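Me: I would like to learn how to read the broad features of a structure, from whole chains down to a single sheet. Could you take me through them one at a time?

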Amino acid sequence: MRFTKKDILDIESLEPREISMILDTAQGMKEISERPVKKVPTLRGKTIVLFFQEPSTRTKLSFDTAAKRLSADSISISKSSSSIVKGETLIDTAKNLEAMKPDVIVLRHPSSGAPHLIAKRVNASVINAGDGIHAHPSQALLDMMSVREKKGKIEGLNISIIGDIAHSRVARSDITGFSKMGANVCICAPETMIPMGVENLGCSVSPNMETCIEGADVIMMLRIQKERQDNILFPTEREYATLFGLNKARLNLAKKDVIVMHPGPMNRGVEISSDVADSDSSMILEQVTNGVALRMALFYLVAGGSRHADSD
Amino acid sequence: MRIRIKGARILDPGNIDDNKDIIVKDHLIEAIVDPIFDRKENGTSSDIETIDATGMIVVPGLIDIHVHLREPGQEYKETIETGLMAAARGGFTAVCSMPNTNPVNDNSQVTKFIINRANELGLSKVYPTGAITQGSMGNTLAEIYDMQQAGIVAVTDDGKPLENSNLMRRALEYCKGFNIPVFVHAEELSIADGGSMNEGFFATFWGIKGIPNAAESIMVVRDIALSELTGASVHFCHISTKESVEAIRQAKKRGVKVTCETAPHYFTLTDEDVKDYNTNFKMNPPLRSEEDRQAVIQGLVDGTIDLIASDHAPHSVVEKDVEFDRAAFGIVGLETSLSLSLKLVHDGFLTMAELVNKMAKHPAKIIGIQNDVKPGNIADLTIIDPEDTYEIDPETFKSKSKNTPFSGLKVKGRPFLTMVNGKVVYSK
């Protein structure tokens, strides 16, 4: 089978077989990072632009590392160094980038739908590295990769996602992705962080954390975004940790072989206690390792020649 | 010079519904006469021009009381001229211009500029609305009496709610003294919280911050209370939610002096239609749920919603070809309003007479003008072709802006001819 998508914009637009193909490809890529010489010539001569309009350390570094391990030339522009600060529109910036003939544009942007807006107007493949509160497909895919690697499958697993669902693009993409692949997804958060109609994305909503993680195969903790909330969504971090923090006692409610995930960066002592974060159940650093392989797979699939240039 | 409009059904609810011919002389309706079947009866009439309106419906000139003409200040989006050409093409003989121009129409100088410009053009008429507060900033009252002398027919801070309830109370009391209606853009900004579309599953799905129904209905309920307190009339603009419709229904039952309008998009589309971050589906209030859409239709049917106004809000690609949450709210409506509203008649929700009330008679009443089809009255007339089926094509718009969600939609019925002061300003 060929991968025919020009862009990776969100999980909704990927078929389950495409998700499986991405995960398979990523699994194959993982070994490259274990070699003494961590570089293959696969994307030599390809240009990848990392266009990040929001702060990011891990995601940007992960995409950049992935590009370099495939021998692509990666160029970074950020908000402060781009003409956006001079008042240029996103479409104009994208068209100017396009004029320099990149093969892939990786975009992170604070507005939901920004990658969709430029994908229609450029020939380069667009990979969404996080748009507003909408989607973060590469994160969800690396999460699925990590779960599948550890559990051997995704179908039938109980996945609990705890935290600020309303403002989390990771949550939206994970809910959609895991439920698409046949897992049972349960979410839990203060009512203020549950967006309207979220159960229609393919998850159930638990009234309390204990119910949500009972019998879980995977617990995914979301970061409390301190910069986003001004004590209107919950009163204090202390009270939040009491009700929705993952600690050892709560972890015992899950299955014995439960794995704990977190997209990072963590607030230790708030959504996750240090002993859980550092426990054997934690897959948090493995997620980061897999992130590079997964992003290599995305670059390979959209720019590596398996896709027909005229298929879109 | 006379014009004879022949062969049409004349429909002016409460006044006439009959197959008659209308004779227009200069700017007035001279006579309404029995149809002539024999050309010879025309007599010597080389000075009479005939408009064959067989199969058409002649109605009092349609009035859209909620239109953003953008001039002065944002002529790249629309000018008074292009806006009035769009009005004429849409079958409207008159519009009310909203005051959120630059500068804001908060003083008689701007009012006079708008009226003079419209008079020079000789297209559809403009009845300007003025700002309630200076600069529509919500702090101090504008010179409402002075603007009224210059020609405004209502006041509104449209686009911005008057957040200060005490100031709103005083504005209502002050306007009551001059018998000038207050148009309310009902929105509680703290709960709207910078949202871009209706709060609900679709906002969740697209990751777009939602605006709950309560953002509208909280203010509707407040201003009903203030109308009761002051005895002043309040007119609610662009009602979009079932809660607002119900609140206004109950207020009317109690005899509170409230009226309201809705726009065609609120009875045509829902938040499910907002797709792929298409900013032509972004307006304020936002497209609501199917339940709300049904409630709006029901409100039109039972008379809770008095009239239809388009909230014509032209924007250029500069405001629209951007990220959804950064795009300007609003869509153009003048050239689609009648066709979309006629669907309510074709679907059996309204009779043609009821639609004429909602698009011509009730708007006239709200702004205190009279547009009856009667001999001696000004010949402001709209001729409707109720059967013509076509596809909406923004490229054919006279409006400078093309920001419509209805591109490609197949509709039935459209304006055939628009006459203002006895002069044909649009003919299909």
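Reply: We will go through the chains, their domains, one sheet and the contact between the chains.

Reply: This is a predicted model, in which local features need pLDDT of at least 70 and side-chain atom pairs count only at pLDDT 80 or more, while totals for chains, interfaces and linings use all residues. Residues are numbered from 1 along each chain as its sequence is written, and chains are lettered from A, with ligands numbered from 1, in the order in which they are written.

Me: How many helices and strands does chain B have, and what does its radius of gyration say about it?

Reply: Helices (H or I, at least four residues) and strands (E, at least two) are DSSP runs, numbered from the N terminus. Chain B has 13 helices and 21 strands. The radius of gyration is taken over C-alpha atoms, and the globule rule is 2.2 Å times the number of residues to the power 0.38. For the 428 residues of chain B the rule gives 22 Å, and the radius of gyration is 21 Å, close to that value, so chain B is as compact as a globular protein of that length. Its C-alpha trace spans about 70 × 45 × 45 Å along the principal axes.

Me: What are the corresponding values for chain A?

Reply: Chain A has eleven helices and nine strands. Its radius of gyration of 19 Å is close to the 20 Å that the globule rule gives for 312 residues, so chain A too is as compact as a globular protein of its length.

Me: What share of each chain counts as buried?

Reply: A residue is buried if 20 or more other C-beta atoms lie within 10 Å of its own, exposed if 12 or fewer, and partly exposed in between, with C-beta atoms placed from the backbone. By that criterion 58% of the 428 residues of chain B are buried, and in chain A buried residues make up 48% of the 312 residues.

Me: Which domains are assigned in chain B, and how many residues does each give to their contact?

Reply: Domain bounds come from an automatic or database domain assignment. In chain B the assignment gives domain 1 (2–57 + 377–427) and domain 2 (61–366), with C-alpha centres 27 Å apart. Two residues are in contact if their C-beta atoms, placed from the backbone, lie within 7 Å. The contact between these domains takes 29 residues from domain 1 of chain B and 43 residues from domain 2 of chain B. On the domain 1 side, strand 20 of chain B gives the most, with seven residues.

Me: How should I read the open sheet of chain A, and which strands stand at its edges?

Reply: Two strands pair if DSSP finds at least two bridges between them. Five strands of chain A form the open sheet in the order 7-6-5-8-9, with parallel pairing. Strand 7 (204–205) and strand 9 (259–261) of chain A each have a single partner strand, so one side of each is left without a neighbour in the sheet. Strand 8 (residues 218–221) of chain A pairs with strand 9 of chain A over three bridges, and A:Met220 stands opposite A:Met261 in strand 9 of chain A.

Me: Finally, how many residues does each chain bring to the contact between chains A and B?

Reply: That contact takes 17 residues from chain B and 21 residues from chain A. On the chain B side, helix 6 (residues 201–206) of chain B gives the most, with four residues.
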